[in-house]
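Here is a guided look at one protein model, taken a piece at a time. Keep the structure open beside you as you read.

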Amino acid sequence: MSDPQPAEDNAPSERSRIDEYLRDGSVVAPDHRVVPLTGDASTRRYFRVIPAPGAAAEPSIVLALHDGAIEFDTLPFVNVADLLRRMPLPVPAVVGHSDALGILALQDLGDVTLQAHVGAARATEHAALYRQAVAFIATLQQRGVELASENYFPYRIVFDVEKLTWELDFFVRHFMEGYRGVVLSAAERTALSEEWAGIAEELAAEPRVVCHRDYHSRNLMVHEGGLFIIDFQDARMGPDTYDLASLLRDSYVDISEGELNESIAYFLAVAGKSDPDGFRRRFDLTAVQRNLKALGTFGYQASVRHNSVYIQYMPRTLHYARANLAKYPRFARLRELLAGHVEEFQ
């Protein structure tokens, strides 16, 4: 699912858990190779289990190791995966699990993310995959209405004012203060809080649909000629612009204005939405919140978890956020507040 890392990064306890899980040979043959994979920004760890030579009939699998024991029947990943399959949307199959060992065994989708594929794909392939990704959002929203049930976790969790504001405060705390070392005055904090309130209240009032919550090029895998969706366990109800903004104002991929406009127009067509100007304004507002939230996450990874991997994605994210702040007069005050401490917003 991701790129291999050196095996020496493994903690012995992780390998012993894997060996215990695989010992009975019910998932793959006893003779197997275990390769660590890079994970996401969570605390989960991922490993590919490759059957021994000669066991060609057995596919490799990916093991997701949690911090501790799990309850399979109440695991958000399992719950949301069931919902997405019913839509139907392509997600990795669950092939096994161990509650006591905290292990979930998944279908191996390979190593090629949409992010990686775009860098090597022809323009026509690039466009086709993005159209598929956009169409998946329309399916998620439309079928999400039809399948609505409190039995599924996404219908119980909402991007409300409190959550959206928390994410914007996270940007201040971990990007501005934690990573950039900014010292804000009391007056600046109050002014930012007022700006956050306006953004959060408007976004919380948008049409509410099922959102993946982290729908971008690193969470879409290219497998068997199409896309599969991963990392969906935090799905929740939120603005109908949220997943599209995550995809098209993606911190990990350069997307031109022409590609952006084409993708938005395609979404409006397949989703049966009207008022393109109004939708674009709401989309840009969502993108501002989403990009600032991403900067907070990157700052947290760098300053708290001492993970420098995400620093390389800050410039693109700052560029996207600045472009939208400069586009609308309503953001003049916010841009001035940010530009006083973050030169990229000037």
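## Pairing strands

Let's start with a rule: two strands count as a pair if DSSP finds at least two bridges between them. Keep in mind, too, that what you're looking at is a predicted model. Now try the rule on strand β3, residues 61-65, and strand β5, residues 103-107: five bridges join them, and they pair in the antiparallel sense. Since the rule asks for at least two bridges, β3 and β5 with their five bridges are a pair. If you'd like one bridge to look for, pick I61, whose partner in β5 is Q107.

What holds such strands together in general? Strands of a sheet pair through backbone hydrogen bonds, and they can do so parallel or antiparallel.

## The whole sheet

Zoom out, and β3 and β5 turn out to belong to an open sheet of five strands, in the order β1-β2-β3-β5-β4, with antiparallel pairing. Which strands sit at the edges? They are β1 (32-37) and β4 (94-98), each of which pairs on one side only. Going from one strand to the next, the twist averages 25 degrees.

Notice that β5 comes before β4 in that order. These two strands run antiparallel and are joined by four bridges; H97, for instance, has L104 in β5 as its bridge partner. β4 and β5 also form a hairpin, with four residues between them. In the turn you'll find G102, with a positive phi of about 70 degrees.

## Where helix α1 meets the strands

Next, hop over to helix α1 (residues 12-22), where E14 has its place. Is E14 buried or exposed? The cut-off for buried is under 20% relative accessible area, and E14 has 13%, so it's buried. It isn't without company either: E14 touches R45, F47 and L65, leaving aside residues up to four places away in sequence. With R45 there's also a polar contact of 3.4 Å between the two side chains.

One of those neighbours, F47, is in strand β2, which covers residues 45-51. F47 counts as buried because its relative accessibility is 0%. It also shows how a chain can fold back: F47 and V62 are 15 residues apart along the chain, but their C-alpha atoms are separated by 5.5 Å.

## Helices α4 and α6

For another buried residue, look at Q141 in helix α4 (residues 123-146). Its relative accessibility is 8%, so Q141 counts as buried. Leaving out residues up to four places away in sequence, Q141 touches V209, V210, D240, F267 and K273.

Over in helix α6 (residues 186-204) sits A187. Buried or exposed, what would you call A187? At a relative accessible area of 58%, A187 is exposed, because the cut-off for exposed is over 50%. Compare its position with A287: the two are 100 residues apart in sequence, and in space they lie 26 Å apart, C-alpha to C-alpha.

## Rings and charges

Aromatic rings can pair up too, and here there are 14 aromatic pairs. One aromatic cluster is made of F171, F175, Y179 and W196.

Some rings have a charge for company instead. The charged end of R131 sits over the ring of Y266, 4.0 Å from its centre. In a second case, R236 has its charged end over the ring of F159, 5.4 Å from the centre.

## Backbone oddities in loops

Finally, a few backbone details. Follow the chain to P88, in the loop between α2 (76-86) and β4. The peptide bond from M87 to P88 is cis, with omega near -10 degrees.

Which residues other than glycine have a positive phi? One of them is E224, with phi near 55 degrees. E224 lies in the loop between β7 (220-223) and β8 (226-229), and at 72% relative accessibility it counts as exposed. H306 also has a positive phi, near 55 degrees, without being a glycine. You'll find H306 in the loop between α9 (276-303) and α10 (314-327), and its relative accessibility of 67% means that H306 counts as exposed.

Key: Residues numbered from 1 in each chain as written. Predicted model: local features only at pLDDT ≥ 70, side-chain atom pairs only at ≥ 80, totals over all residues. Heavy atoms only, no water. Axes fitted to C-alpha atoms, helices over the stretch in contact; angles between N-to-C directions. Phe/Tyr/Trp six-rings, centres within 6.5 Å; stacked < 30°, edge-to-face > 60°. Lys NZ or Arg CZ within 6 Å of the ring centre and 35° of its normal. Buried < 20%, exposed > 50% of the residue type's maximum accessible area, 1.4 Å probe, protein only. Polar contact = N/O pair within 3.5 Å; in protein donor to acceptor, adjacent residues only side chain to side chain. Contact = heavy atoms within 4.5 Å.
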